[in-house]
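Visitor: I am new to this structure and should like to understand how its descriptive terms are justified. Please set each value against its definition.

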Amino acid sequence: MLNLVLFGPPGVGKGTQSQYLTRDMGLLHLSTGDLLRSEIAAGSALGLEAKSLMDAGILVPDEVVIGMIKSKLQGNPDASGFIFDGFPRTIAQAEALDNLLQDLGTSIHCMISMTVPRQELIERLLLRGQDSGRTDDQDRGIIEQRLEEYLRKSAAVADYYRSQHKFKEIDGRGSMDSIYLRIQAALNTGSSSAGNGESTPV
Ligand code: AMP
């Protein structure tokens with residue numbers, strides 16, 4: 001199994017690059033944001049609980065997303081690997097993921113962290129909001145709240161993987177193809193030395 005974490009702030013391009021990786025590597029794409037939006041669309045109790053937090057740009061409780069990931073991992077025993085997108089976003093989630101993967105006899109191979117300057121993230125998200133229909137992409141205040149959540153709760157997750165020597169960082173600016181080339185290069189380098197050792201600035 002090959003298991004990757006695509007990491008970075010909202011709007012950095014994790015979803016788009018996950019699609020390239022899925023296409024070329026046959027990995028299963030697990031986006032907790034997408035899973036939560038499916039729950040909301042289905043009108044489930046879980047979706048109902050998550051919706052107000054998501055609309056406010058606040059992380060949903062760890063146990064909610066960990067439970068969703070657990071059932072996806074257990075429900076796909078034949079997968080050749082997973083791309084985790086938007087998960088883990090807290091240290092507790094990272095630890096839970098390690099335990100879940102250990103139960104399956106596997107582990108995270110690598111975290112690819114993508115960086116884009118804060119102002120570009122805000123512009124990208126506002127632009128995406130014009131088409132995506134996502135209310136959390138349409139309001140500057142909510143976008144800033146999401147970036148704040150990232151800094152406060154998620155940025156430390158990079159250190160978790162850095163300490164395991166699984167951390168690589170790439171520039172998330174430029175064309176989708178050029179960013180994908182950087183990801184491929186990072187995956188093909190043996191050691192986890194890429195990146196400047198700083199958490200993603202937003
Ligand atoms: P995303 O689609 O990844 O931008 O996520 C949209 C929203 O879903 C976030 O602002 C959070 O409210 C929620 N969410 C997604 N993934 C997680 C996660 N791993 N932990 C907590 N909340 C999450």
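Visitor: What makes Lys168 a residue without a salt bridge, and which side chain of opposite charge is nearest?

Guide: A salt bridge is a side-chain nitrogen of Lys or Arg within 4 Å of a carboxyl oxygen of Asp or Glu. For charge, Lys and Arg count as positive and Asp and Glu as negative, while His and the chain ends are not counted. The nearest side chain of opposite charge to Lys168 is that of Glu169, 13 Å away, and the buried Lys168 therefore has no salt bridge by the 4 Å rule. Buried means under 20% relative accessible area, exposed means over 50%, and partly exposed lies in between (1.4 Å probe, protein chains only).

Visitor: On what kind of model do these statements rest, and how are residues numbered?

Guide: This is a predicted model, in which local features need pLDDT of at least 70 and side-chain atom pairs count only at pLDDT 80 or more, whereas totals for chains, interfaces and linings use all residues. Residues are numbered from 1 along each chain as its sequence is written, and side-chain values use heavy atoms, with hydrogens and water left out.

Visitor: What makes the pair formed by the side chain of Lys168 and the backbone oxygen of Thr189 a polar contact?

Guide: A polar contact is a pair of N or O atoms within 3.5 Å; within protein, one must be able to donate a hydrogen and the other to accept it, and residues adjacent in sequence count only if both atoms are side-chain atoms. A polar atom of the Lys168 side chain lies 2.6 Å from the backbone oxygen of Thr189, so the pair meets the 3.5 Å limit.

Visitor: Where does Lys168 lie, and why is its strand described as largely enclosed?

Guide: Lys168 belongs to strand β5 (residues 167-171); helices (H or I, at least four residues) and strands (E, at least two) are DSSP runs, numbered from the N terminus. Four of the five residues of β5 are buried, so the strand is largely enclosed by the rest of the structure.

Visitor: How do you know that β4 and β5 pair?

Guide: Two strands pair if DSSP finds at least two bridges between them. Strand β4 (residues 110-115) is joined to β5 by five bridges, so the condition is met, and the two run parallel. One of the bridge partners is Ile170 in β5, opposite Met114.

Visitor: How many salt bridges are there, and why does the pair Glu120 and Arg124 qualify?

Guide: The count comes to 14. The closest N and O atoms of Glu120 and Arg124 are 3.1 Å apart, and the pair therefore satisfies the salt-bridge limit. The two residues are four apart in helix α6 (residues 118-132), which means that about one helical turn separates them. Glu120, at 27% relative accessibility, is partly exposed, and so is Arg124 at 24%.

Visitor: Why are Asp137 and Arg146 called buried?

Guide: Asp137 has a relative accessible area of 0% and Arg146 one of 9%, so both meet the definition of buried. Their side chains form a salt bridge with an N to O distance of 2.8 Å.

Visitor: What makes Arg173 and Asp171 partly exposed?

Guide: Arg173 has a relative accessible area of 40% and Asp171 has 27%, so both fall in the in-between class. Their salt bridge has its closest N and O atoms 3.0 Å apart. Elsewhere, salt bridges that share partners join Arg128, Arg134, Asp136, Asp137 and Arg146 into one network.

Visitor: Which residues come nearest to the ligand, and what makes a residue count as near?

Guide: A residue is near a molecule or strand if one of its heavy atoms lies within 4 Å of it. Of the 16 residues around the ligand, Thr32, Arg37, Ile58, Gly86 and Arg89 come nearest. An oxygen atom of the ligand is 2.9 Å from a side-chain N or O atom of Arg37, and a ligand nitrogen is 2.9 Å from a polar backbone atom of Gly86.

Visitor: Why is Ser163 called exposed?

Guide: Ser163 has 53% relative accessibility, so it counts as exposed. Ser163 lies in helix α7 (residues 140-163), and a polar atom of its side chain is 2.8 Å from the backbone oxygen of Tyr160.
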